[in-house]
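Here are some notes for a first look at this structure. They are meant to be read beside the sequence and the 3D view.

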Amino acid sequence: MTKSKTPESLMKHGDSFDLNGLELYDELRTLSSMLPHAKSVMDTVQFIHTSKLVDIYPNAYMATRILLTIPVTVASGERSYSKLKLIKNYLHSSVSQERLTGLAILAIEQDITLSLSYDDMITDFAAKKARKIVFN
């Protein structure tokens, strides 16, 4: 009940408001008994829309649509910046951009990096960098 008052207070402008907290609470309580199989907010929005119940549940429909438009952060993007910050601190500020990019990719894709075989990498590196000395 108290949580349904929060959206009302956030969407209030002067004396008018877009959501009624008490009605939202009643609508959500009724909908939860009608939709015990609903696994997500999207299921609830689709049910209200396809059943043409928007006029009956206006507060729930608006609140769920607003909830679906809130951006969700992507953890991998945040990890990328976190790893980059760890790699490039003030001690490593002289690291070239190419090396920094390589280190960041290795740190971000750690699961792939851990699955690599060091022996295979050493063999490949030695084969590519081998100097052929010609003896007369």
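1. Where is D43 found? D43 sits in helix α3. This is a predicted model, and every value below is computed from it. D43 is partly exposed, because its relative accessible area is 29%, and that falls between the cut-offs of 20% for buried and 50% for exposed. Its C-alpha atom is 10.0 Å from that of T64, and the two residues are 21 residues apart along the chain.

2. T64 deserves a look of its own. The residue belongs to helix α4. T64 counts as buried, because its relative accessibility is 8% and the cut-off for buried is under 20%. With neighbours within four places in sequence left aside, T64 is in contact with V41, T44 and V45. V41 is 23 residues from T64 in sequence, yet the C-alpha to C-alpha distance is 6.4 Å.

3. Which backbone atoms does the T64 side chain reach? One is the backbone oxygen of Y61, at 3.0 Å. Another is the backbone oxygen of A60, which lies 2.8 Å from a polar atom of the T64 side chain. A60 and Y61 return in the next point, as both belong to the largest nonpolar core.

4. Now the core. The largest nonpolar core has nine residues: L24, L31, L35, V45, I48, L53, Y57, A60 and Y61. Three elements give two or more residues to this core: α2 (21-34), α3 (41-50) and α4 (58-69). V45, a member of the core, is also one of the contacts of T64.

5. Take two core members in turn. L24 is found in helix α2. L24 is buried, because its relative accessible area is 3%, against a cut-off of under 20%. Between L24 and Y61 there are 9.2 Å in space, C-alpha to C-alpha, and the two are 37 residues apart in sequence. L31 is in contact with T44, F47, I48, Y57 and A60, leaving aside its neighbours within four places in sequence. T44 is thus listed for L31, and T44 is listed for T64 too.

6. How many salt bridges are counted? The count comes to one. D26 forms a salt bridge with R29, and the closest N and O atoms are 3.8 Å apart. Side chains of opposite charge can pair when their charged atoms come close. D26 and R29 both lie in helix α2, three residues apart, which is about one turn of the helix. D26 is partly exposed, with a relative accessible area of 38%.

7. Check the backbone at K52. Its phi is near 55°, a positive value in a residue other than glycine. Most residues other than glycine have a negative phi. K52 is found in the loop between α3 and α4. Is K52 buried or exposed? K52 is exposed, because its relative accessible area is 72% and the cut-off is over 50%.

8. On the surface there is a nonpolar patch. I112, L116, Y118, M121 and I122 form this patch, with about 520 Å² of accessible area together. Which helix gives the most to the patch? Helix α8 (residues 118-129) does, with three residues. L116 is found in the loop between α7 (110-114) and α8. L116 is partly exposed, with a relative accessible area of 40%.

9. Last, the chain as a whole. Its secondary structure comes to eight helices and two strands. From the N terminus on, the elements run α-β-β-α-α-α-α-α-α-α. The chain has 136 residues, and buried residues make up 15% of them. About 11,300 Å² is exposed, and carbon and sulfur atoms supply 60% of that area. Among the contacts with a separation of 6 or more, residues 24 or more positions apart account for 38%.

Technical notes:
Residues numbered from 1 in each chain as written. Predicted model: local features only at pLDDT ≥ 70, side-chain atom pairs only at ≥ 80, totals over all residues. Heavy atoms only, no water. Patch = residues over 30% accessible without salt bridge, like charges linked within 9 Å, V, L, I, M, F, W, Y side chains within 5 Å. Areas by Shrake-Rupley, 256 points an atom, 1.4 Å probe, with all protein chains shown as cover. Salt bridge = Lys/Arg side-chain N within 4 Å of Asp/Glu carboxyl O. Helix = DSSP H or I, 4+ residues; strand = E, 2+ residues; numbered from the N terminus. Buried < 20%, exposed > 50% of the residue type's maximum accessible area, 1.4 Å probe, protein only. Core = buried A, V, L, I, M, F, W, Y, C linked by side-chain atoms within 4.5 Å. Contact = heavy atoms within 4.5 Å. Polar contact = N/O pair within 3.5 Å; in protein donor to acceptor, adjacent residues only side chain to side chain.
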